[in-house]
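Let's walk through this fold together, one pairing at a time. Keep the viewer open beside the text as you read.

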Amino acid sequence: MRAFCKLAFAALLIGFAAPALAQGTGNASITVEQPYARATPNGAKTGAVYMTIDNKSATADRLTGASSDVADKVQVHEMKVDNGIMQMREITDGLPVPANGSVALKPGSYHVMLIGLKKPLTAGETFPLKLTFAKAGTISVTVPVQAMGSNNMGAGNMGGMGNMGGMSNGSSGGSMGKMEMK
Ligand SMILES: [Cu+2]
């Protein structure tokens, strides 16, 4: 009985440890870990996708583009605070994924930007996203949508993402003026 319990516990641990969320089958060198998007408020025209991209090969790669059915346009963006002003811009020359390394797309930093959302992103749903790499080619991932503010680390940045939603429809908003898209 005791041995059985240990075995069951070990199986449980293995279950947790397995990279169940690693995606990117069909290509050994690049894997996409734990992609997710935040739910968007009604009427929002933009959303963001976060993930960690691992490169297990000895050759550096670049994320050069993305596409999805859920939005008109998908771009790779960089966000940073410059002189107290939150700015984001499209990375047009590709986001570097270092050899034998990884790059994190996370709130307040790099993200995949969904522009022209066809419908709000709803918590609990998933949507397909295609990522194009200079060397590894196209990798398809399934992105789960998490509730707004579900990640404490990004809570402060959620306001920024909300502002992005307002930005695209051109309406004025209190904090929108603090954000510029280049
Ligand atoms: Cu963006």
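**Starting from one pair of residues**

Put your cursor on L129 first: its partner across the strand pairing is V141, which lies in β10. The strands concerned are β9 (residues 126-133) and β10 (residues 137-146). They run antiparallel to each other and share 8 bridges, where two strands count as paired if DSSP finds at least two bridges between them. With 3 residues between them, β9 and β10 form a hairpin. A second rung of this pairing sets L131 opposite I139 in β10.

Some bookkeeping before going on. This is a predicted model, in which local features need pLDDT of at least 70 and side-chain atom pairs count only at pLDDT 80 or more, while totals for chains, interfaces and linings use all residues. Residue numbers start from 1 along each chain as its sequence is written. Helices (H or I, at least four residues) and strands (E, at least two) are DSSP runs, numbered from the N terminus.

**The wider layout**

With those terms in hand, the protein chain has 2 helices and 11 strands. Their order from the N terminus is α-β-β-β-β-β-β-β-β-β-β-α-β. Contacts (two residues whose C-beta atoms, placed from the backbone, lie within 7 Å) reach far along the sequence: of those between residues at least 6 apart, 66% join residues at least 24 apart.

Now follow the pairings outward from β9. On β9 there is also an antiparallel pairing with β3, made over 4 bridges. In that pairing G65 has T132 as its bridge partner, and A66 has L131. Strand β3 (residues 61-67) is in turn joined by 3 bridges to β6 (residues 95-97), again antiparallel, with L63 opposite L95. On β10, by contrast, look for a parallel pairing: 2 bridges join this strand to β1, and A37 has V145 as its bridge partner there.

**Faces and core**

Which residues of β9 are on its covered face, and which are on the uncovered one? F127, L129, L131 and F133 make up the covered face, and T126, P128, K130 and T132 the uncovered one. As a general point, side chains in a regular strand alternate between the two faces of the sheet.

A residue is called buried if 20 or more other C-beta atoms lie within 10 Å of its own, exposed if 12 or fewer, and partly exposed in between, with C-beta atoms placed from the backbone. By that count, 28% of the 182 residues of the protein chain are buried. A nonpolar core is a set of buried Ala, Val, Leu, Ile, Met, Phe, Trp, Tyr and Cys residues joined through C-beta atoms within 7 Å. The largest such core holds 31 residues, and V49, V112, L129 and L131 have the most contacts inside it. At least two residues of this core come from each of β1, β2 (46-55), β3, β4, β6, β8 (111-117), β9 and β10. The largest share, 5 residues, is supplied by β2. Looking past residues up to four places away in sequence, V112 touches A48, V49, A66, V74, V76, L105 and L129.

**Three residues worth a stop**

S68 sits in the loop between β3 and β4. Buried or exposed: how does S68 count? S68 counts as buried, because it has 23 C-beta neighbours inside 10 Å. Beyond four places in sequence, its contacts are V74, L114, F127, P128, L129 and K130. S68 and L114 are 46 residues apart along the chain, yet their C-alpha atoms are separated by 8.2 Å.

Next, check the backbone. Most residues other than glycine have a negative phi. Q34, in strand β1 (residues 30-38), is not a glycine but has a positive phi of about 45°. Q34 counts as partly exposed because it has 15 C-beta neighbours inside 10 Å. N83, also not a glycine, has a positive phi of about 55° and is in the loop between β4 (71-82) and β5 (85-90). With 5 C-beta neighbours inside 10 Å, N83 counts as exposed.

**Where confidence drops**

Finally, consider pLDDT, the predictor's confidence in each residue, from 0 to 100. The protein chain averages 78, and 66% of the residues score at least 70. Over residues 1-5 the pLDDT stays under 50, and the model has 0 contacts for them beyond four places in sequence. Residues 152-180 also have a pLDDT below 50, but this stretch has 39 contacts in the model beyond near neighbours in sequence.
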